[in-house]
Amino acid sequence: QVQLVESGGGLVQAGGSLRLSCVASGTVFGIEDVRWYRQAPGKERVMIAIIHSDYSTDYADSVRGRFTISRDNAKNTVFLQMNSLRPEDAAVYSCSAGVRDWTSRTRGYWGRGTQVTVSS
């Protein structure tokens, strides 16, 4: 079994920073693309960042230049460094990943999310 667990959320003042982690555990033989999403109360979940297996990245316009996604394959971990946080960044942040098992088959998994609150 594979689990994705996010951590690093919390309360921060506007202008501050947080670093989120998304860790894959269990029978993990490799991780393909990993995406970070966020969902604010009353709004749809939106993708804000993606990192591919070749380390290329892309971002939603709302976070480009402030957020950085990175990965540590040795630790089966993807990070989301969030700088210059704004009140509108407050949301539940979750990750999804394609995880390769021992048969080289890739399946998608989701974490449960971590809450980010930004005070003005």
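Strand E3 provides the largest share of the lining of the largest cavity, namely three residues. This cavity belongs to a predicted model, and the structure holds one cavity of 30 Å³ or more. The volume of the largest cavity is about 30 Å³. Its lining consists of Leu4, Cys22, Val23, Ala24, Ile31, Val34, Asn76, Thr77, Val78 and Ala97. The elements contributing two or more residues to that lining are E3, E4 and E8. In general terms, empty space of this kind is revealed by rolling a probe the size of a water molecule over the atoms.

Two of the lining residues, Leu4 and Ala24, lead into the sheet that contains E3. Leucine 4 stands opposite alanine 24 in E3, within an antiparallel pairing of E1 and E3 that comprises six bridges. The open sheet has four strands, ordered E1-E3-E8-E7, and its pairing is antiparallel. At its edges lie strand E1 (2–7) and strand E7 (67–72), each of which pairs on one side only. On average, neighbouring strands of this sheet are turned by 15° against each other, direction ignored.

The edge strand E1 shows alternating side chains: Val2, Leu4 and Glu6 point to one face and are buried, whereas Gln3, Val5 and Ser7 point to the other and are not. Such alternation between the two faces of the sheet is what a regular strand displays. At the other edge, E7 has a covered face made up of Phe67, Ile69 and Arg71, and an uncovered one made up of Thr68, Ser70 and Asp72.

Within the sheet, E3 is joined to strand E8 (residues 77–82) by six bridges, and these two strands run antiparallel. Leucine 18 has methionine 82 in E8 as its bridge partner. E8 also pairs with E7 in the antiparallel sense, over six bridges, and here aspartate 72 stands opposite threonine 77. E7 and E8 form a hairpin with four residues between them, and asparagine 76 in the turn has a positive phi of about 50°. Asparagine 76 is a residue other than glycine with a positive phi, and Asn76 is also among the residues that line the largest cavity.

A second set of pairings involves E4. Eight bridges join strand E4 (residues 30–39) to strand E9 (residues 91–100), and the two run antiparallel; in this pairing arginine 35 stands opposite serine 96. E4 pairs as well with strand E5 (residues 46–51), again in the antiparallel sense, over five bridges. There, tryptophan 36 stands opposite alanine 49 in E5. The hairpin of E4 and E5 has six residues between the strands, and glycine 42 in this hairpin takes a positive phi near 80°.

The largest nonpolar core draws on strands from both descriptions above. The core holds 30 residues, of which Trp36, Ile48, Phe67, Ile69, Leu80, Met82 and Tyr93 touch the most other members. Two or more residues each come from E1, E3, E4, E5, E7, E8, E9 and strand E11 (114–119). E9 gives the largest share of this core, five residues. In soluble globular proteins, nonpolar side chains tend to be buried together. Methionine 82, one of the core residues named here, touches Gly16, Ser17, Leu18, Leu20, Arg66, Phe67, Tyr93 and Val116, not counting residues up to four places away in sequence.

The loops complete the description. Glycine 15 lies in the loop between strand E2 (10–13) and strand E3 (18–26). Is this glycine buried or exposed? Glycine 15 counts as exposed because its relative accessibility is 54%, and the threshold for exposure is over 50%. Leaving aside neighbours within four places in sequence, glycine 15 is in contact with Ser84 and Leu85. By comparison with these contacts, arginine 71 is 24 Å from glycine 15, C-alpha to C-alpha, with a separation of 56 residues in sequence.

Serine 84, one of the contacts of glycine 15, is found in the loop between E8 and E9. Its phi is near 50°, a positive value in a residue other than glycine. Serine 84 is classed as partly exposed because its relative accessible area is 40%, which lies between the limits of 20% and 50%.

Note on methods:
Residues are numbered from 1 along each chain as its sequence is written. This is a predicted model: local features need pLDDT of at least 70, side-chain atom pairs count only at pLDDT 80 or more; totals for chains, interfaces and linings use all residues. Side-chain values use heavy atoms; hydrogens and water are left out. Buried means under 20% relative accessible area, exposed over 50%, partly exposed in between (1.4 Å probe, protein chains only). Contact means heavy atoms within 4.5 Å. Two strands pair if DSSP finds at least two bridges between them. Axes are lines fitted to C-alpha atoms, for helices over the stretch in contact, and angles run from 0 to 180 degrees between N-to-C directions. A nonpolar core is a set of buried Ala, Val, Leu, Ile, Met, Phe, Trp, Tyr and Cys residues joined through side-chain atoms within 4.5 Å. On a 1 Å grid over the protein atoms alone, a cavity is a set of points where a 1.4 Å probe fits but cannot get out, and a pocket is an open set with protein on both sides within 12 Å along at least five of seven lines; lining residues have an atom within 4 Å of a point. Grid points are joined across faces, edges and corners, and a volume is the space filled by probe spheres set on the points.
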